[in-house]
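This report describes pockets, a helix and charged side-chain pairs in one protein chain. The sequence and the structure are shown first.

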Amino acid sequence: ASMKLETKLLTSVITSMFDYSVKMQASMKLETWQKSLALIQRLIALLNEHPEVKVLEFITDEEENVEDPDGYQVHGSVLMLLEKLDDEYRKILLNTDPHSTEYVDRLVQENNLVALIEVVKSYVEKCGDPEEICRIYLRTIEHAYYKFDRASLTKEERDEEGNDSSFSAAAASPKESVKYLNLTSMCKHIYSTDCRDERIRTRALLCHVYFCAIHGHWHEARDLMLMSHLQDFIQEADVSTQILYNRTTVQLGLCAFRRGLIRDAHFALFDVQTSGRAKELLAQGLMSQKSGGERSPEQEKIERRRLMPFHMHINLELLEFVYLTSATLLEIPNMAAHEFDYRKQIISKALRYHLRVSERCPLVGPPESMREHVVAAANAMKRGDWKSCTNYMMDVKVWNLFPNPQKVKDMLTKKVKEESLRTYLLPIAVSTTR
């Protein structure tokens, strides 16, 4: 009886704590959140110790069975309480200054949350229905998909980044890491389960593609995205899923660039970079309204809730560098090949605009910003000067944001040599054929 009452009290107290925080403030206080986490840990431990106690979402308070010794039924849902705890944790991070030590302290709490998710996942796998299993799998995936797994690096890549005693000396395949296998198996389970909520399957697929992209599995990530045909109906999805789609598309572009697939990288980054609203599309900040007046306080509040926590941001300067560099490698040879055409074929309007601006400047000094370095590199490529072009690109301060940057530098140097030679020879070929 005491165990039955404790279960009922725990579910009621946790629910009331969440309801109170929603009504009184933008996010739950960290102390209250930690108490809620401890109470859910106690609740799940109690349910694991006493499997005859069932916490069921579909029964009402009146239908609770508290007298049958063979099995007690209490109204509530452990999974729903965990989802609320997870949502509150995200709000706590969004309402904390990301450049403060306080943010780091709160970020450490994610380890406790992930550990609790694993415990609840084991419980739901035993007692939950297929839909609940998919929901807890998605929560697990969403805490893992954006984190680079160093255990997936090959021995050669680890040696290039520096020796680390925490890894085995044996060379491992990138697809043999435990994290990769676990995440992939959970995604495949969601794909094969007939969920009523299509959003679960869509988000699991996007997380899967994102995870593959940051680990360099370009062909697997591309095939998953193309076979899903998500691009055809993503506009019908909810806003948070559209944001995840934008983030995934951008990571595909970065992955393609690291693999030397310049045209694919340019294509993947084109929509986000040419919109002029990359920060907003990736939910990394709000931009001022250029037309239609200012946002209402309520609308701004809703949009701020959709933002990504700072530690999940994708560096916008890195995105612009990759996009402009890809555009340079494609557009400069294209300009040389079609210099005398009546109707010019334009690949990148953005790069052409930056080149026109630089040509109008009466005095051009040494480049300072990332954009100026890329424009200077493009002008050097126009002359066929591959050394100057490479030097300008290597001087940009975003290289440490790439995993294994030396490999990307070597790839880019090779591409610059090829395209500089093509740019130098194409006008000669055109003039001789005329």
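A salt bridge is counted here when a side-chain nitrogen of Lys or Arg lies within 4 Å of a carboxyl oxygen of Asp or Glu. Side chains of opposite charge can pair when their charged atoms come close. The structure is a predicted model, and by this rule it holds 16 salt bridges.

**Salt bridges**

Three of the pairs are set out below, with the distance between their closest N and O atoms.

| Pair | Closest N and O atoms |
|---|---|
| K91 and E88 | 3.5 Å |
| R352 and E331 | 3.2 Å |
| E419 and R422 | 2.7 Å |

The pair of R352 and E331 links distant parts of the chain. R352 belongs to helix α17 (residues 349-360) and E331 to helix α16 (residues 316-337), with their positions 21 residues apart in numbering. Both R352 and E331 are buried.

The pair of E419 and R422 lies within one helix, α20 (residues 405-433); because E419 and R422 are three residues apart there, about one helical turn separates them. E419 has a relative accessibility of 13% and therefore counts as buried, the cut-off being under 20%. R422, with a relative accessible area of 41%, is partly exposed. Salt bridges with shared partners also join D86, D87 and R139 into one network.

K91 and E88 are both in helix α3, again three residues apart, or about one turn of the helix. Are these two residues buried or partly exposed? K91 has a relative accessible area of 25% and is partly exposed, whereas E88, at 5%, is buried.

**Helix α3**

Helix α3 has 17 residues, so at 1.5 Å a residue it should span 24 Å; the C-alpha atoms at its ends are 25 Å apart, which agrees. The expected value follows because the span is taken as 1.5 Å times one less than the number of residues. Among the buried residues of α3 are the nonpolar V78, L79, L81, L82, L85, I92 and L93. The buried residues of this helix also include the charged E83, D86 and E88, together with Y89.

**The second largest pocket**

The second largest pocket contains about 790 Å³ of space. It is lined by 29 residues, and D87, R90, R139, E142 and R203 are the closest to its centre. Two or more lining residues come from each of α3 (78-94), α6 (130-142), α9 (198-214) and α12. Helix α3 gives the largest share of this lining, seven residues. By class, the lining of the second largest pocket comprises 15 charged, 11 nonpolar and three polar residues. D87 and R139, listed among the residues closest to the centre, are also members of the salt-bridge network with D86.

**The largest pocket**

About 910 Å³ of space lies in the largest pocket. Its lining consists of 30 residues, with Y245, N246, T249, D271 and V272 nearest the centre. At least two lining residues are supplied by each of α10 (218-228), α12 (239-258), α13 (262-274) and α14 (278-281). The lining of the largest pocket is made up of 16 nonpolar, eight charged and six polar residues. Helix α12 is listed for the lining of the largest pocket and also for that of the second largest pocket.

Methods
Residues numbered from 1 in each chain as written. Predicted model: local features only at pLDDT ≥ 70, side-chain atom pairs only at ≥ 80, totals over all residues. Heavy atoms only, no water. 1 Å grid on protein atoms, 1.4 Å probe; cavity = no way out; pocket = protein on both sides within 12 Å on 5 of 7 lines; lining within 4 Å. Points joined across faces, edges and corners; volume = space filled by probe spheres on them. Helix = DSSP H or I, 4+ residues; strand = E, 2+ residues; numbered from the N terminus. Buried < 20%, exposed > 50% of the residue type's maximum accessible area, 1.4 Å probe, protein only.
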